[in-house]
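Biologist: I should like to learn how to read a structure of this kind. Could we take it feature by feature?

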Amino acid sequence: MSAEPDGVEIELGSMVTDTAAQEERDVDITVTARNPDRSVFGVGGVEVKAHSRPLDSTHVEQLACKLNDMPSLSHRAIVSASGYYEPAVRKGEKHGVDLLELKEWDQRAKGFDHFKAECVPFVVRRLEWIGEVAVHVNPRVRIAESDRPLLLSNPPIWRADDDRIPLAPDFLTFVRRLQQQAANQLMKQWEPAVVSPNDVKRARVAVQVADAPFVRAGDRRIIVKELVYEGGVRWREELGETKYKVLQRIGDARPLAGCCVFEVPGWGLCGLMVSNADRDIRFVHVPVMERNRRKIFRRPLIDRTGQVTPII
């Protein structure tokens, strides 16, 4: 499958029709190539696995059968972060599925004749809350006196679709998780020079809460619309970790692409991507908000916490 770079879109978590099962099924990555008139030229489906051992023939057979039952896909591939056993390689060839491997990349960028690099440490600065942090819940709306004990008892918190919130099953955990988001908002407003690494500065920041999460109060819902955090903050410096990965087709020693990935607090994942196909070097960025979505992105290819005290 081939197309001009500005006619290629990548999407994570796509739903694709499985004609054998007669249902929509999740595919880890889809790559859609479009013609100049925006009509679809082809769609590639990629399943990604990160097992502790190489994939065996059963793994590859199951994934290959799944992808081959999706006629809308014009290209099918499997990516493994742990490699493949030899029978699995033969199974992939039999079913016409490309087998790719995600491997550690030599930090001197071997395998790319147009790009060389060495690993160097970098320092990340992030704002952290110090000491007790007061949290005002829905400060623009007066909370009923009868509801205060309920919120302070740390009840379960729910999404608007009556499902529990992943990674935040209760009210206090939910408040703590948004606390870092509040610090990230300040990071975009303050320069490090405003607060020296050893100084603590008072801050007050509001976080608007999306998707109407709520706490049940009998047959009523207390919807959490806004949280205001108030307390001391200071800058914290730490060494950032960079991960180097390379993508190779099984049987081909020359890598297809490589990426140096690192995380910047408040901004998301960043990386330097290198390709052998078009001898390209490109900076990529996945913002925090996009990472939090189930479908992380769909876009053209080119393009120490203090204690929390709720105040009800």
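Modeller: Let us begin with a single residue. Arg 282 has its place in strand β14, which covers residues 280-286. Please bear in mind throughout that this is a predicted model.

Biologist: Is Arg 282 buried or exposed?

Modeller: Arg 282 is buried, because its relative accessible area is 15%, and the cut-off for buried is under 20%. The side chain of Arg 282 also makes a polar contact, at 2.3 Å, with the side chain of Asp 280.

Biologist: What is the pLDDT of the chain on average?

Modeller: The chain has an average pLDDT of 82, and 85% of the residues score at least 70. In residues 293-306, however, the pLDDT is below 50; this stretch has 45 contacts in the model beyond near neighbours in sequence. As a general rule, predicted coordinates should not be read in detail where pLDDT is low.

Biologist: How should one read a helix, and which residues of α4 are buried?

Modeller: The general idea is that an α-helix has 3.6 residues a turn, so residues three or four places apart point the same way. Here, helix α4 runs over residues 171-187, 17 residues in total. From first C-alpha to last, α4 reaches 25 Å, close to the expected 24 Å. Its buried residues include Phe 171, Phe 174, Val 175, Leu 178 and Gln 179. The N-terminal end of α4 is capped by Asp 170, a side-chain oxygen of which lies 3.4 Å from the backbone nitrogen of Leu 172.

Biologist: Which residues touch the most other members of the largest nonpolar core?

Modeller: In soluble globular proteins, nonpolar side chains tend to be buried together. The largest nonpolar core here has 31 residues, and those touching the most other members are Leu 127, Trp 129, Phe 171, Phe 174, Leu 227 and Tyr 229. At least two residues of this core come from each of β6, α4, β7, β8 and β10. Helix α4 gives the most, with eight residues. There is also a second, separate core of ten residues, among them Leu 55, Ala 88, Val 89 and Val 97.

Biologist: How many disulfides does a search of the whole structure find?

Modeller: A disulfide is a covalent bond between the sulfur atoms of two cysteines. The search of the whole structure finds zero disulfides. For Cys 259, the nearest cysteine sulfur is that of Cys 260, 6.5 Å away, whereas the cut-off for a disulfide is within 2.5 Å. Cys 259 is buried, with a relative accessible area of 18%. Cys 270 is buried too, at 9%.

Note on methods: Residues numbered from 1 in each chain as written. Predicted model: local features only at pLDDT ≥ 70, side-chain atom pairs only at ≥ 80, totals over all residues. Heavy atoms only, no water. pLDDT = per-residue confidence, 0-100. Contact = heavy atoms within 4.5 Å. Helix = DSSP H or I, 4+ residues; strand = E, 2+ residues; numbered from the N terminus. Expected span 1.5 Å × (residues − 1). Buried < 20%, exposed > 50% of the residue type's maximum accessible area, 1.4 Å probe, protein only. Polar contact = N/O pair within 3.5 Å; in protein donor to acceptor, adjacent residues only side chain to side chain. Core = buried A, V, L, I, M, F, W, Y, C linked by side-chain atoms within 4.5 Å.
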